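Here are my notes on the model, set out as numbered points. Please read them with the sequence and the coordinates open.

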Amino acid sequence: MRPALPIVIVGAGMAAYSVAREFRKLDKSTPLLIIADDAGDAYAKPMLSNAIALGKGAAQLVSHSAAQMAAQLDATVLAHTRVTAIDSASRTLSTGQGSFSYSQLVLALGAQPIRLPMGGDAADDVLSVNHLADYAELRARLDRIGAPARVAIIGAGLIGCEFADDLLAGGHHVTLVDPNRLPLAALAAPSLSAGLAQAWAGRSLALRLGTTVASVARAGHGFVVSLADGSAFEADLVLSAVGLRPSVALAQAAQLETRRGIAVNAYGQTSASGIFALGDCAEYTTPYGSAVLPYVAPLLAAARAIAATLAGTPTAITLKNDAVIVKTPSYKMALAPPPAGTSGAWVDEHDGERTIARFVDPAGVLRGFGMSAHTPALRQKLLAEM
Ligand SMILES: Cc1cc2nc3c(=O)[nH]c(=O)nc-3n(C[C@H](O)[C@H](O)[C@H](O)COP(=O)(O)OP(=O)(O)OC[C@H]3O[C@@H](n4cnc5c(N)ncnc54)[C@H](O)[C@@H]3O)c2cc1C
């Protein structure tokens, strides 16, 4: 007989569906209830920043509808339902559709785009793309404008650079604004950042580096973007890609320990018993201290361990060193940046075909790397050295 109370997972992103999938491999009978405030459709979020050049619409990025996921996981998926409160003492959730009791709870709430304060009457028209619905909005706006659109992107980090390269390949004109002197400055060695900038040189992509956006104002059907250095340019569309902030408000209100993300121990458990967290909302325990790791590989590792723990075998999360594959076909890179605050220096090696940059600490230990024209074998070799 099935136990009366379900395991409840809040969220329907990659973290939520990964933990549900892993759990079902181990336990076929415990009821699963997945509650999400979006449509609950499954999609691979990394595709959002390379789908324009492929001409894909939002619907084409959906791998399984919410109903298909429910059938596949033998779960109930409650879509368009926001969880508004957690009572960890009575193990109850409040939602717009009533209250739900849980035996164990998994928070897979994701993160929210950071919105920089800026002047002008069009700051609210600036779009951030962190969800399938945002991508649908981006596609709709591009379709209305028609190609080539003049797109301003605020932030030349990983997501900003990927969207820039994708929009460029899709035939649009891009202006990329960032306070750093090179794109990808926080993640890549200067030699690789320069390689990316070089790959864009002479194309319809303007880099406006060393400055920030002061205001975005409406002008005709488009916008005027004014920069802190006193210059200004016109754009049909403005995208913001200045980073994400883990969604912690629900956990905070329930008195769970939060730092930048929802704090979890080596097992993915929060400070409340029976409540776990993973994915972009979580702050993991790592050998280098606690860290928010907003990438697919850590959430898959966390999903496997949390699923085993939920199924009755307490299992610690094994976070492996991994490299981020930067989806900029103009200049392919794999990056394994050193942990924040690591002292050391970048050492470059060029072999004609590729640049390999190693971040070496004062004791000569490899703490991070990046490379262009990467191959799986080379990535694995350097990861093994770290
Ligand atoms: C454009 C882009 C490209 C990326 N590319 C890569 C890549 O190449 N490689 C890589 O490793 N990583 C990449 N990432 C990061 C990776 O995609 C994310 O780390 C991962 O998808 C996060 O999944 P998640 O389930 O934690 O969060 P999300 O996908 O954000 O899911 C959160 C879920 O929680 C729901 N939710 C939130 N609050 C509530 C509430 N109160 N009640 C109910 N439901 C709620 C949301 O509706 C959503 O369903 C990329 C990210 C972006 C944005």
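1. In what sense do strand E1 (residues 7-10) and strand E9 (residues 104-107) pair, and over how many bridges? This is a predicted model, and in it E1 and E9 pair in the parallel sense over four bridges. Val8 is placed opposite Leu105 in E9. Helix H1 packs on the sheet and touches E1, strand E2 (32-35) and E9. The direction of H1 makes about 175° with that of E2.

2. The sheet that holds these strands is open, has five strands in the order E5-E2-E1-E9-E20, and pairs in parallel. Its edge strands are strand E5 (76-78) and strand E20 (275-277), each of which pairs on one side only. On average, neighbouring strands of this sheet are turned by 20° against each other, direction ignored.

3. An open sheet of three strands, with antiparallel pairing, has the order E6-E7-E8. Strand E6 (83-87) and strand E8 (98-101) are at the edges with a single partner strand each, so one side of each has no neighbour in the sheet. The average turn between neighbouring strands of this sheet is 20°, direction ignored. Strand E7 (residues 92-95) is joined to E8 by four bridges, and the two run antiparallel. Thr92 has Ser101 as its bridge partner in E8.

4. Strand E21 (residues 282-286) pairs with two strands, and the sense should be kept apart in each case. With strand E19 (residues 262-263) the pairing is parallel, over two bridges; Ala282 in E21 is the bridge partner of Ile262. With strand E22 (residues 289-291) E21 runs antiparallel, joined by three bridges. Thr285 stands opposite Ser290 in E22. E21 and E22 form a hairpin, and two residues lie between them.

5. The domain assignment of the protein gives three entries: domain 1 (7-112 + 244-310), domain 2 (115-240) and domain 3 (332-385). Between domain 1 and domain 2, the C-alpha centres are 30 Å apart. Their contact takes 13 residues from domain 1 and 15 residues from domain 2. On the side of domain 1 that touches domain 2, the residues divide into eight nonpolar, three polar and two charged.

6. Which residues are closest to the ligand? They are Gly11, Gly13, Ala15, Gly110 and Gly279, from a total of 33 residues that surround the ligand. Helix H1 (14-26) and helix H8 (296-310) are the elements that give two or more residues to this shell. By class, the shell has 20 nonpolar, seven polar and six charged residues. Domain 1 and domain 2 each supply at least three residues to the shell.

7. Helix H6 (residues 190-200) has Leu192, Ser193, Gly195, Leu196, Ala197 and Trp200 buried. What do the buried residues of H6 pack against? Their partners are helix H5 (158-169), strand E13 (205-209), strand E24 (333-336), strand E26 (355-360) and strand E27 (366-372). As background, an α-helix has 3.6 residues a turn, so residues three or four places apart point the same way. After H6 comes Gly202, which has a positive phi, near 80°.

8. Asn180 is in the loop between strand E12 (173-178) and H6. Is Asn180 buried or partly exposed? Asn180 counts as partly exposed because it has 14 C-beta neighbours inside 10 Å, and the buried class begins at 20. Not counting residues up to four places away in sequence, Asn180 touches Ala156, Ala185 and Leu209. Asn180 and Thr212 are 32 residues apart in sequence, with a C-alpha to C-alpha distance of 9.2 Å.

9. Ser63 belongs to strand E4 (residues 62-64). Ser63 is partly exposed, because 13 other C-beta atoms lie within 10 Å and the exposed class ends at 12. Ser63 touches Ala42, Tyr43 and Ala44, leaving aside residues up to four places away in sequence. For Ser63 and Tyr43, the separation is 20 residues in sequence and 5.4 Å in space, C-alpha to C-alpha.

Definitions and conventions. Residues numbered from 1 in each chain as written. Predicted model: local features only at pLDDT ≥ 70, side-chain atom pairs only at ≥ 80, totals over all residues. Contact = placed C-beta atoms within 7 Å. Domains from an automatic or database assignment. Nonpolar A, V, L, I, M, F, W, Y, C, P; charged D, E, K, R; others polar. Near = placed C-beta within 6 Å. Pairing = 2+ DSSP bridges. Axes fitted to C-alpha atoms, helices over the stretch in contact; angles between N-to-C directions.
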